[in-house]
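Welcome, and thanks for taking a look at this one. The report below walks through charged contacts, aromatic rings, cysteines and a surface patch.

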Amino acid sequence: MPAWHAAPIEAMQSTRTAARGVAGRDFRLLLSAQAISLLGSGVTTVGLALFAYRLTGGASATLVIGHALMLRILAFLLFSQPAGVLADRVDRKRMLIIADLIRFGLLMLFPFITTTWQIYLLVFVVNAATAFFTPVFEASIPSVVGDADYVKALSWSRVASDMEVVAGPALAALLVALVGLRWVFWFDAASYVLSALLVGLVTIPRAAEAAKALSPREFFVDITYGTRVLLRDSALRQALLLSLAEAIAGAAAIVGTVSYVRDVLHHGETAVALVMAAVGAGSATTAFVLGRVTARRERSSVTPAALHSQRHRWTRIALLGGGAALFCALVPGVLLPATSLFVGLWVANGCGQASIGIASSTLLAEHTTESDRGRTYAAHFAWSHSYWLLTYPAIGYAVAWWGAPRTFLYAGLACGLVTGVAGFVSPRPVADAMHS
């Protein structure tokens, strides 16, 4: 059932939250908590690479990082959907605070690691806690800001996420230079404490199912509920399919950039960081523009049904346009573009990823209610990250076998194929979807 077709009492609650919007105290606190914790995560990503190099040395460090990334995704797949079930039945704010405090304790231990298996264990457990935090955080945004400002809230949240890519490496380098590597991890630990404090000040409505008991049988049924919601609606199926294109392009940028900049363009590590920052810049710019443009268009929607129809139209354009942008960003890589052109292509890469991500989250909010939002967001989180579990090693092996330029070509063609298939997954007319 679409979110706009919910019970009257839920509509009244939505009206009250909408009055707060993105300028309200609760969203500003929640966004600040996200930005601070993501900045800490960006710092730790760099710190982990340096720490692995110091611990193992040479090429072994690359192997450790690769295994750690796979364990990160595995933790997301194993724990995000159980987290979504709990999010629809227990206090979401308490879940967020507990996840932050667990991550704080684990990050405090990182500088004292002496063996590789300890890295793997801590990475897995930290990201298991993140699997409880991220979907619950995303599912809480609609109830905090209300329908009218939801897309704008998503845009600001996307900008905060891009801080992890753009500002994290720079801050990590500064911390390592001034106070040493261990302070990189302690900075991240402190960011989780501050995030927990900020979340504690936010008013997050409890889900309608919170008071109901949960039997083991119901728990296992509920784990599949979010996936069933994603697959039964054509608009959500289209968004989920294009998340695969987003993962292909994202993996190409993360894994392939170093090889292209160092081996083809013959630049140093600073250039690698700047090119990677171009992806974040493109993503942040798209988020900002999309938030402003859609806000102007949606003001003309005077009824919930009209708003629902409006969002179906622009999200379809954003999803397919994002997939086309990824195709155009990746395919020219085989022509060995010079540095300035390559930076421009990676800006387009970020634009396409943000367009798909924001449109997907908007559709999730439109097709869920407060009582099932946790399970559905968690299912989308798990499925979309399962794509990354495939694309990370696939792009890595492709770069090793064919080199970065040909890998970009094949990745772009794959994005084009996914986008073409998604174009045939046409959402039903809104007039029909409203009664599903």
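## Charges over rings

A charge sits over a ring here if NZ of Lys or CZ of Arg is within 6 Å of the ring centre and within 35 degrees of the ring normal. Please keep in mind that this is a predicted model.

With that in hand, have a look at R103, which lies over the face of F133 at 4.6 Å from the ring centre. A second case involves R375: its charged end sits over the ring of Y225, 4.3 Å from the centre. Both arginines come back in the next part, this time with acidic partners.

## Salt bridges

Side chains of opposite charge can pair when their charged atoms come close. How many salt bridges does the count come to? The count comes to six salt bridges. One of them joins the side chains of R375 and D88, at 2.7 Å from N to O. R375 lies in helix α14, while D88 lies in the loop between α3 (59-87) and α4 (92-109), so this pair ties together parts that are 287 residues apart in sequence. Are these two residues buried or exposed? Both R375 and D88 are buried.

R103 also has a salt-bridge partner: its side chain meets that of D100, with an N to O distance of 2.7 Å. This contact stays within helix α4, where the two residues are three apart and therefore separated by about one helical turn. R103 is buried, and D100 is buried too.

In a further salt bridge, the side chains of R158 and E246 meet at 3.8 Å, N to O. Because R158 lies in helix α6 (residues 150-179) and E246 in helix α10 (residues 234-264), the pair ties together parts 88 residues apart in sequence. R158 and E246 are both buried. There is also a network: salt bridges that share partners join D88, R92 and R375.

## Aromatic pairs

Searching the whole structure gives 18 aromatic pairs. Among them is the edge-to-face pair of F79 and F124, with 6.0 Å centre to centre and 65° between the planes. This pair links distant parts of the chain, since F79 is in helix α3 and F124 is in helix α5 (residues 116-145), 45 residues apart. F79 is partly exposed, with a relative accessible area of 27%, and F124 is partly exposed at 21%.

W402 and Y410 form another edge-to-face pair, with 4.9 Å between centres and 75° between the planes. W402 counts as partly exposed at 41% relative accessibility, and Y410 counts as partly exposed at 34%. Elsewhere in the list of rings, Y260, F342, W346 and F408 are linked into a cluster by ring pairs.

## A nonpolar surface patch

W402 and Y410 also belong to a nonpolar patch on the surface, together with F327, Y397, W401 and L413. The accessible area of the patch is about 690 Å² in total. Which elements give two or more residues to the patch? They are α14 (373-402) and α15 (404-424). The most comes from α14, with three residues. W402 itself is placed in helix α14.

## Cysteines

A disulfide is a covalent bond between the sulfur atoms of two cysteines. How many disulfides does a search of the whole structure find? The search finds zero. As for surroundings, C351 counts as partly exposed, at 25% relative accessibility. C415 is buried, with a relative accessible area of 0%.

Terms used. Residues numbered from 1 in each chain as written. Predicted model: local features only at pLDDT ≥ 70, side-chain atom pairs only at ≥ 80, totals over all residues. Heavy atoms only, no water. Patch = residues over 30% accessible without salt bridge, like charges linked within 9 Å, V, L, I, M, F, W, Y side chains within 5 Å. Areas by Shrake-Rupley, 256 points an atom, 1.4 Å probe, with all protein chains shown as cover. Salt bridge = Lys/Arg side-chain N within 4 Å of Asp/Glu carboxyl O. Helix = DSSP H or I, 4+ residues; strand = E, 2+ residues; numbered from the N terminus. Buried < 20%, exposed > 50% of the residue type's maximum accessible area, 1.4 Å probe, protein only. Disulfide = S-S within 2.5 Å. Phe/Tyr/Trp six-rings, centres within 6.5 Å; stacked < 30°, edge-to-face > 60°.
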